[in-house]
Amino acid sequence: MKEGTMDKLIWEFKDINEAKECFKEWKEILELGYWIIKIQIVPPEDMQLEGSGESEYQITNKCAIIRLLEPHHYGDRIVKQCHEETLVHELLHCKFGIVDMETEKSISCHLLIEEMARALIKAKYGTPLEEFDNITYEEDNHE
Ligand SMILES: [Zn+2]
């Protein structure tokens with residue numbers, strides 16, 4: 001692996017600099033070199049949609065803002081929050097927007113993008129899908 005390459009999946013970016021570093025790498029991998037993208041880690045009130053991430057982009061200017069949800073607002077969900085995976089997901093939305101923005105906003109495209117983001121994460125780090133679930137049965141066990 002080349003120097004400076006991250007070798008572990010980042011579940012939570014500790015600050016915006018770590019997010020920017022990670023973004024630089026994925027920008028290379030996904031060939032988004034000409035894009036100007038700002039990453040933000042924000043509370044839910046600063047997001048337009050409900051979810052763990054969102055992107056607002058302009059294809060003609062190749063620019064985007066990607067917002068990732070602050071971890072302490074994520075709450076208890078059966079899918080773990082993963083900043084890096086969400087970042088890859090949002091970058092893929094930018095990429096797919098080039099094809100057709102209407103299609104890109106459809107639920108099937110979003111699902112396909114989610115699968116591809118996980119596949120890319122798996123290819124890079126070998127992270128199995130099961131690592132993304134947050135299921136515990138401890139609270140169901142009242143012995
Ligand atoms: Zn999506």
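User: In what order do the three strands form an open sheet, and what is the sense of the pairing?
Analyst: The order is β1-β3-β2, and the pairing is mixed. Strands here are DSSP runs of E with at least two residues, helices are runs of H or I with at least four, and both are numbered from the N terminus. The model is a predicted one, in which local features need pLDDT of at least 70 and side-chain atom pairs count only at pLDDT 80 or more, while totals for chains, interfaces and linings use all residues. Residue numbers start from 1 along each chain as its sequence is written.

User: What makes β1 (36-42) and β2 (53-58) the edge strands?
Analyst: Each of β1 and β2 pairs on one side only. From one strand to the next, the twist averages 15 degrees.

User: How do you know that β2 and strand β3 (residues 63-69) pair?
Analyst: Pairing requires at least two DSSP bridges between two strands. β2 and β3 have six bridges, in the antiparallel sense, so the criterion is met. Among the bridge partners, Gly-53 is matched with Leu-68 of β3, and Ser-55 with Ile-66 of β3. The two strands form a hairpin with four residues between them, and Lys-62 in the turn has a positive phi of about 50 degrees.

User: Which strands does α2 touch where it packs on the sheet?
Analyst: α2 touches β2 and β3, and its direction makes about 30 degrees with that of β2.

User: Why is helix α2 (residues 83-97) called oblique to helix α4 (residues 107-125)?
Analyst: Their axes come within 9 Å and cross at roughly 130 degrees. Angles under 35 degrees count as roughly parallel, over 145 as roughly antiparallel and 65 to 115 as roughly perpendicular, the rest being oblique. The angle of roughly 130 degrees falls in none of the named ranges, so α2 is oblique to α4. The crossing is right-handed, a label used if the near helix is turned clockwise from the far one by less than a right angle.

User: Which residues of α2 meet α4?
Analyst: Glu-84, Glu-85, Val-88, His-89, Leu-92, His-93 and Phe-96 of α2 meet α4 residues including Cys-109, Ile-113, Met-116 and Leu-120; contact requires C-beta atoms, placed from the backbone, within 7 Å. By class, this contact has nine nonpolar, two polar and four charged residues.

User: What makes helix α1 (residues 16-29) oblique to α2?
Analyst: The two helices pack at about 45 degrees, with axes 11 Å apart. An angle of about 45 degrees is outside every other class, and α1 is therefore oblique to α2. α1 passes α2 in a right-handed crossing. On the α1 side the contact involves Ala-19, Cys-22, Phe-23 and Trp-26, which meet His-83, Glu-84, Leu-87, Val-88 and Leu-91 in α2. Seven of these residues are nonpolar, one is polar and one is charged.

User: How does the reach of α4 compare with the expected one?
Analyst: The 19 residues of α4 reach 27 Å from the first C-alpha to the last, close to the expected 27 Å; the expected span is 1.5 Å times one less than the number of residues. Gly-126 follows α4 with a positive phi near 75 degrees. α1, with 14 residues, reaches 20 Å, close to the 20 Å expected, and just after α1, Glu-31 takes a positive phi of about 55 degrees.

Methods: Axes are lines fitted to C-alpha atoms, for helices over the stretch in contact, and angles run from 0 to 180 degrees between N-to-C directions. Two residues are in contact if their C-beta atoms, placed from the backbone, lie within 7 Å. Ala, Val, Leu, Ile, Met, Phe, Trp, Tyr, Cys and Pro count as nonpolar, Asp, Glu, Lys and Arg as charged, and the others, Gly among them, as polar.
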